[in-house]
Structures are given as C-alpha cells and as structure tokens.
Amino acid sequence: MMGLLAVLLTAAGVALAGDKQPARVALPVIKIEKGEKCVEPTAEMRRNHMNLISHQRDRTVHDGIRTVKHSLKNCVDCHASPKTNSVLGKDGFCESCHAYAAVRMDCFECHSSAPRKAASAPLAERRAP
Amino acid sequence: MSLDRRHFIGLGAAVTAGAVLAPGLRLIELVQARSPEESASVLRRWGLLIDTALCTDCEVCVTACHEENGVSGHGRPATDAQWIRKVGLRDKRTGHAQTLPLMCQHCAHPPCVDVCPTGASFKRADGIVLVDKHTCIGCRYCVMACPYGARSFIHETVTGQKPDVPRGKGTVESCTLCVHRIDRDEQPACVEACARDGGKAMMFGDLGENDGELRERLRRQPSSQLRPELALDTGVRYQGL
C-alpha cells in the first residue's frame with residue numbers, strides 16, 4: 001500500500017514538473033492551517049504516519065499512555081480546516097490525499113474528525129486533590 | 001556489632017520512609033500521580049463505592065455519563081447503547097424500595113475478557129475493563145457473558161463522537177470508568193455529577209493495597225458486591241443493599 005502511495009506521489013511530481021496538461025485525477029489539497037511544522041519531518045510523515053498513529057493507539061488504549069505527539073487527536077487539532085472544522089470533506093487534509101491515493105481510512109468512522117474545543121491543559125498540571 | 005542510639009533511630013527512619021532496600025529500590029513501591037508517559041500501574045485498582053441509602057430517585061449520573069461520553073440513542077430502547085442505568089429494587093413483602101446505578105462492575109476476573117475471541121475485551125493494569133474497538137469484531141460474546149448486562153452493541157452509524165471517546169458501529173462498548181478522565185487525574189463523570197447535583201452517593205478511589213479514603217471506608221463499613229457467588233471480585237461495591 002505504501003509502495004503504491006509512493007509511486008502515485010512520484011507520478012504526481014513528474015506530472016507537475018512535466019507538461020502543462022491537467023492531471024487526470026485532481027491533486028490533493030495540502031493546506032497546513034496551524035503550527036509551524038509537524039511532529040516529524042514531512043517525508044517521514046507522508047510515508048509513515050499510519051504506523052505512528054497505529055503504534056500510539058495501542059499504547060493509549062492498553063497502557064493509558066496519553067502523550068500527544070503521535071496521537072490522532074493531535075493530527076486533527078492542527079490539520080482540521082477552520083472552515084469546515086474537520087479533516088474530512090473534499091478539501092479536508094486527510095480525505096483529499098486519501099481520495100487521491102485511493103486508500104480507504106477507517107479512523108473517522110469512530111474517531112471525531114473535529115478538533116478538541118478547548119485545548120486541555122498539560123496533564124502534569126492537573127493533579128488530583 | 002552494636003548499634004548506638006543515634007544509628008538505631010536513623011535506621012528506623014529509613015525503614016519507615018518506604019522500606020528502602022537500596023537507593024531507588026523499595027520493598028513497597030510508593031504510589032504517585034502518573035505522568036502522561038507512564039503506563040497504567042498494577043499498584044492501583046480503581047473502583048467505586050455506591051451508598052444506596054443516599055442514592056435518590058434522580059438520573060443525574062446517567063445524564064452526566066452519556067453527556068461526557070457522547071452516548072446518544074435513536075429513541076429505540078431495545079438497541080440503544082446504555083453505559084449506566086438506574087435499577088429499582090422493591091421488597092414485595094415490606095414495600096421498601098431502593099434505587100441504584102448499575103454499570104460495568106470492572107471485575108478482577110471478568111467473564112467478558114475470558115470469552116473474547118480476539119482479545120479486544122481486556123483488563124487494564126489498574127483494573128479498568130475496556131474494549132479495544134480496533135480489534136473488536138462485534139461478535140457479542142461478551143454481551144452474553146456479562147452477568148450484569150453492562151455491555152451494549154452499537155447497531156447504527158454514530159456521528160458527533162467526543163474526541164476522547166471514539167465510538168463506532170459494529171463494536172461493543174460499556175462503562176470505561178471514564179478512563180480518559182482518570183488518566184488526567186479526574187473523577188468519573190457520574191461520581192462528579194452525583195456529588196454536585198445528586199445525593200453524594202458515589203465515591204471513586206483506589207481499592208488496591210494503598211491506604212486511601214475509599215479503602216479506609218471499606219475497612220470501616222460493611223459493603224457488598226453484586227452476585228458475590230460468581231467470585232468475580234468486582235471493582236464496584238455497594239452499601240445498604
């Protein structure tokens with residue numbers, strides 16, 4: 001699957017650099033709304049974001065480790081469009097690229113695609129009475 | 001070898017400080033608040049104590065739970081998810097009526113975990129029984145195995161989930177003891193709501209080895225488990241039944 005994605009992205013790059021003909025498939029909309037840079041380098045995120053999220057999900061569900069760096073909530077908080085309040089939709093950060101690469105994602109059948117309303121205080125600051 | 005008075009007292013102080021074997025190595029581990037990087041610890045066993053004498057005829061806990069976890073129904077009581085419900089008990093002979101909240105009892109030996117074919121139903125190190133919905137195949141064995149009827153199956157597509165509480169069609173779910181709140185050192189939503197708007201009938205705490213308010217109260221006062229004959233060692237205890 002990742003290989004396919006890489007091939008598609010390369011093809012897109014070639015198409016961009018080459019002739020002026022419009023691409024057969026609309027290129028993904030990659031609009032970064034918030035934050036200066038991602039938690040990992042862009043190349044790493046493009047290829048391995050699914051592994052990072054999947055690893056973090058097991059640590060969170062089974063061990064209760066709720067660090068935000070590689071969490072899906074953290075992705076959504078930065079990448080949700082302020083217009084639609086979501087990472088989904090035609091121009092949504094997640095969906096537009098996944099539609100382009102023809103890779104189905106199941107995350108948002110259960111997970112919220114909207115960012116958290118009030119950014120919660122760092123965990124260490126909230127201690128039991 | 002002889003110990004003078006000063007050394008003897010020093011030794012005593014070291015032992016009281018937590019049975020220290022060597023620097024950083026303790027015979028009895030001290031429980032401290034957990035940082036986000038740390039795993040849930042077996043040194044805790046989270047539980048509830050519910051005093052039915054104080055439980056009034058309100059639904060504050062149910063409303064708070066469903067609000068916190070984004071549990072909403074479709075107006076179909078037979079299939080709508082139910083994480084916590086109020087149960088009424090009435091003695092037919094005397095007419096004495098009681099009411100109590102019933103939810104996942106967070107057993108130490110949970111039957112739902114025993115029957116799960118994929119390992120999706122599991123018990124966390126600190127005693128909270130959860131469903132990993134990433135591995136749940138929706139077979140509903142756990143729904144049948146639970147003697148308290150605590151689990152629900154989601155029959156219909158869910159929208160508008162809370163960021164902390166993912167929920168989706170085709171999986172089983174139940175009370176999580178508000179695990180996302182516990183992980184940031186808060187109390188479950190039902191307990192908080194009961195203390196604020198209800199009869200102050202619920203108490204959350206550590207049932208484990210550590211001396212805490214809940215354990216102290218359980219030591220001093222009588223309490224019971226539901227269906228004790230099943231020997232499940234429930235994490236939710238009741239008083240006044």
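Read along the sequence, the predicted model shows chain A in the pattern α-α-α-α-α. Chain A thus offers a simple starting point, with five helices and zero strands. Of its 129 residues, 18% count as buried. Among the contacts in chain A with a separation of 6 or more, 54% join residues 24 or more positions apart.

Chain B mixes both kinds of element, with seven helices and 11 strands. Here 36% of the 241 residues count as buried. Residues 24 or more positions apart make up 59% of the chain B contacts with a separation of 6 or more.

A good place to look within chain A is the stretch around α4(A). Three residues of this helix, Phe93(A), Cys94(A) and Ser96(A), are buried, and the cover over the buried residues of α4(A) includes α3 of chain A. Just after α4(A), Ala102(A) adopts a positive phi of about 55°.

The loop between α3 and α4 of chain A holds Val87(A). Val87(A) has 28 C-beta neighbours inside 10 Å and therefore counts as buried, the cut-off being 20 or more. Leaving out residues up to four places away in sequence, Val87(A) touches Val76(A), His79(A), Ala80(A), Gly92(A), Phe93(A), Cys94(A), Glu95(A) and Ser113(A). Two of these partners, Phe93(A) and Cys94(A), have already been met as buried residues of α4(A). Val103(A) lies 16 residues from Val87(A) along the chain, and the C-alpha atoms of the two are separated by 15 Å.

Asn85(A) sits in the loop between α3 (72-79) and α4 (93-101) of chain A. Its phi is near 60°, a positive value in a residue other than glycine. Asn85(A) has 13 other C-beta atoms within 10 Å and is therefore partly exposed, whereas Val87(A), in the loop between α3 and α4 of chain A, is buried.

In chain B, attention turns to a pair of packed helices. Two packed helices are described by the angle between their axes and the distance between the axes. For helix α2 (residues 60-68) and helix α6 (residues 189-197) of chain B, the angle is about 135° and the axes are 8 Å apart. The two helices, α2(B) and α6(B), are therefore oblique to each other, and their crossing is right-handed. On the α2(B) side, the residues that meet α6(B) are Val60(B), Cys61(B), Ala64(B), Cys65(B) and Glu68(B). Their counterparts in α6(B) are Ala189(B), Cys190(B), Glu192(B), Ala193(B), Cys194(B) and Asp197(B). By class, this contact of α2(B) with α6(B) brings together eight nonpolar and three charged residues, with no polar ones. An α-helix has 3.6 residues a turn, so residues three or four places apart point the same way.

Several of these residues reappear in the nonpolar interior. The largest nonpolar core has 49 residues, and those with the most contacts inside it are Leu48(B), Ile50(B), Cys61(B), Cys190(B), Cys194(B) and Met202(B). At least two residues of this core come from each of β3 (46-51), α2, β7 (129-131), α5 (179-182), α6, β10 (202-206) and β11 (236-239) of chain B. The largest share, five residues, is supplied by α6(B). One residue of this helix, Cys194(B), is in contact with Val60(B), Cys61(B), Gly199(B), Lys200(B), Ala201(B) and Met202(B), once neighbours within four places in sequence are left aside. A second, separate core of 10 residues includes Cys75(A), Val76(A), Cys107(A) and Phe108(A). Of these, Val76(A) is also touched by Val87(A).

A further positive phi is found in chain B, at Arg227(B), where the value is near 50° in a residue other than glycine. Arg227(B) is placed in the loop between α7 (213-220) and β11 of chain B. With 12 other C-beta atoms within 10 Å, Arg227(B) is exposed.

Finally, the two chains meet in a contact that takes 19 residues from chain A and 21 residues from chain B. On the side of chain A that touches chain B, the elements giving two or more residues are α2 (42-63) and α5 (107-110) of chain A. The most is given by α2(A), with four residues. By class, this side of chain A has six nonpolar, five polar and eight charged residues.

Note on methods. Residues numbered from 1 in each chain as written. Chains lettered and ligands numbered in written order. Predicted model: local features only at pLDDT ≥ 70, side-chain atom pairs only at ≥ 80, totals over all residues. Contact = placed C-beta atoms within 7 Å. Nonpolar A, V, L, I, M, F, W, Y, C, P; charged D, E, K, R; others polar. Axes fitted to C-alpha atoms, helices over the stretch in contact; angles between N-to-C directions. Parallel < 35°, antiparallel > 145°, perpendicular 65-115°, else oblique. Left-handed = near helix turned anticlockwise from the far one by under 90°. Core = buried A, V, L, I, M, F, W, Y, C linked by C-beta atoms within 7 Å.
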